[in-house]
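The following exchange examines how the descriptive terms applied to a protein–DNA model are justified. Each reply sets a computed value beside the criterion it must meet.

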There are 2 protein chains.
Amino acid sequence: MKKELTLRQIEILTFIEDFIRDNNYAPTLREIATQFNMSSVNGAKTHVDSLVRKGFLKTGNNLSRTISVQQNKYSEKNESNVTEIAVIGRIAAGYPLLAEENVDTRIMIDNFLLKNAAKCFGLKVRGDSMIDAGIFEGDIVIANSEEKYQNGDIVVAKLQDEATLKRFLKKDGEYYLMPENKNYEPIPVTGREDFSIAGKVVAVIRMFN
Amino acid sequence: MKKELTLRQIEILTFIEDFIRDNNYAPTLREIATQFNMSSVNGAKTHVDSLVRKGFLKTGNNLSRTISVQQNKYSEKNESNVTEIAVIGRIAAGYPLLAEENVDTRIMIDNFLLKNAAKCFGLKVRGDSMIDAGIFEGDIVIANSEEKYQNGDIVVAKLQDEATLKRFLKKDGEYYLMPENKNYEPIPVTGREDFSIAGKVVAVIRMFN
DNA sequence: AATAATACTGTAATTTTGTACAGCACTAAT
DNA sequence: ATTAGTGCTGTACAAAATTACAGTATTATT
């Protein structure tokens, strides 16, 4: 399946994006068809379906005005835009990491700083296990929950209902979480049931005072 | 006409706000009614009508899912505001540090992260002189140009038409710029004409990749 | 040369959704 | 004491919107 968009699809995607920005709600298929002088709603529908299939839009089923933009790499306005991301504070045991119960606050992040900010979340750093990587207690790390992590990446891992920040390492077929602090030991996690990786760290924010 | 909201109306307004944030589209009257265990859509409708009348919501006529929030002074999340700050890149000799000529890009910073963001600017870090303070090459430091700096603060200093990042130290009546890297020597700056302090560092942002 | 994808028209069924009206109980303001 | 506003239930209807299906023509792609 082709993932690139045609000129027409870009036009339609851009119209939808602009419409939502201007009205705070999404256009209907009829409104899209009218805008592009199509006499049939289905013209708009097939385009929207294609854009959904290619991952640029998302829609609800049988629900009106539920088109939302997932990404638009063809838009020039992407620069000075911001996305709100949730910052996870203390973890409530039993809940998924990104559950509302764990959200401490929300901050706006410039899209220039973060690609795919919509898939990112923040985590307040506790402890000093990553001090040698320049990540200190109180810092906020930003992690992308969808980006593929590789050997050597710093990740947010969930271990026994605790979110921890470590470097992910694969060695001789075994997996480890490596602290960046000589005072701590590597944690072997191969096959552990209570272990999962929530995201790859893509940024660190530190505030003084 | 009363302009204040009742508890119930605040509840409903908040639900609508949260719903839109989570779904990227507005709830229908039925969805609101269901959420609040009302057996009639009209229960939701009268509330929404009241909120529109009082200026908190806006809706289209006969259009589905067109509720949008105009204001919500009852929401605690209202602080989530952003300020655009300039990021200084390479310094053009002869210009003031914050001159337009030196601006590399602009980013949006959440006011929650930064007090008095309007007086702040960013600086792309070059070199490794602050590596022991966890500030690496490529990081963006945010400095407040108006905040009073004290002995021991990390500051953005201008030295010979170069912006540098150092810890400011006062010892025995003499002033020094201290690198945080054993390989570099302190720089005495007492009485130097080509020296000035542009701002006190209040935050560091680091992006991976 | 064959196939898949694009880019529509046109009609119609189905579902979703907003609106209207009648009514009731309770509360706050004048 | 009366009125306006709140906070609903319940029924019904009409408008709005999505979806489905049958086509046609054109443009890539293999």
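Q: Which residues are the closest to DNA strand C, and how many surround it?
A: In this predicted model, 26 residues surround DNA strand C. The closest are Thr6(A), Arg8(A), Leu29(B), Arg30(B) and Arg65(B). A residue is counted here if one of its heavy atoms lies within 4 Å of the strand.

Q: What makes the pairing of Arg65(B) with a phosphate oxygen of DNA strand C a polar contact?
A: The limit for a pair of N or O atoms is 3.5 Å. A polar side-chain atom of Arg65(B) lies 2.5 Å from a phosphate oxygen of DNA strand C, and the pair therefore qualifies under the limit of 3.5 Å. A side-chain N or O atom of His47(A) is 3.3 Å from a phosphate oxygen of this strand. For Asn62(B), a backbone N or O atom lies 3.1 Å from a phosphate oxygen of DNA strand C.

Q: Which elements give two or more residues to the surface near DNA strand C?
A: They are α1 and α3 of chain A, together with α2 (29–35) and α3 of chain B. The largest share, five residues, comes from α3(A). Of the strand C atoms within 4 Å of the protein, 67% belong to sugar or phosphate, and the rest belong to bases.

Q: Which residues are the closest to DNA strand D, and how many surround that strand?
A: DNA strand D is surrounded by 30 residues, and the closest are Leu29(A), Arg30(A), Asn62(A), Arg65(A) and Arg8(B). Sugar or phosphate accounts for 71% of the strand D atoms within 4 Å of the protein, with bases making up the rest.

Q: Which side chain has a polar atom 2.8 Å from a base nitrogen of DNA strand D?
A: That side chain belongs to Ser40(B). Phosphate oxygens of DNA strand D are approached by polar side-chain atoms of Arg65(A), at 2.6 Å, and of Arg53(B), at 3.0 Å.

Q: Which element supplies the largest share of the surface near DNA strand D?
A: Helix α3(B) does, with six residues. At least two residues each come from α2 and α3 of chain A and from α1 (7–23) and α3 (41–53) of chain B.

Q: How do you know that the length of α1(A) agrees with the span expected of a helix?
A: At 1.5 Å a residue, its 17 residues should span 24 Å; the end C-alpha atoms are 24 Å apart, so the two values agree. Helix α3 (residues 41–53) of chain A has 13 residues and reaches 18 Å between its end C-alpha atoms, close to the expected 18 Å.

Q: Why are the buried residues of α3(A) said to line one face of the helix?
A: The residues concerned are Ala44(A), His47(A), Val48(A), Ser50(A) and Leu51(A). Viewed down the axis of α3(A), they fall within an arc of 155°, and therefore they line one face. They pack against α1 (7–23), α2 (29–35) and β1 (57–58) of chain A.

Q: What caps the N-terminal end of α3(A), and which residue follows this helix?
A: Ser40(A) is the cap: one of its side-chain oxygens lies 3.1 Å from the backbone nitrogen of Asn42(A). Gly55(A), with a positive phi near 90°, follows α3(A).

Q: Why is Ala44(B) called buried?
A: The term requires a relative accessible area under 20%. Ala44(B) has a relative accessibility of 0% and so counts as buried. This residue lies in helix α3 of chain B. Beyond its neighbours within four places in sequence, Ala44(B) is in contact with Leu29(B), Ile32(B), Ala33(B) and Met38(B). The C-alpha atoms of Ala44(B) and Ala33(B) are 5.2 Å apart, although 11 residues separate them along the chain.

Q: What makes Phe168(B) buried or exposed?
A: Its relative accessible area is 8%, so Phe168(B) is buried. Phe168(B) is found in strand β8 (residues 162–171) of chain B. Its contacts outside four places in sequence include Tyr149(B), Tyr175(B), Tyr176(B), Leu177(B) and Ile197(B).

Conventions:
Residues are numbered from 1 along each chain as its sequence is written. Chains are lettered from A and ligands numbered from 1 in the order in which they are written. This is a predicted model: local features need pLDDT of at least 70, side-chain atom pairs count only at pLDDT 80 or more; totals for chains, interfaces and linings use all residues. Side-chain values use heavy atoms; hydrogens and water are left out. Helices (H or I, at least four residues) and strands (E, at least two) are DSSP runs, numbered from the N terminus. The expected span of a helix is 1.5 Å times one less than its number of residues. Buried means under 20% relative accessible area, exposed over 50%, partly exposed in between (1.4 Å probe, protein chains only). The arc is that of the directions from the helix axis to the C-beta atoms. Contact means heavy atoms within 4.5 Å. A polar contact is a pair of N or O atoms within 3.5 Å; within protein, one must be able to donate a hydrogen and the other to accept it, and residues adjacent in sequence count only if both atoms are side-chain atoms.
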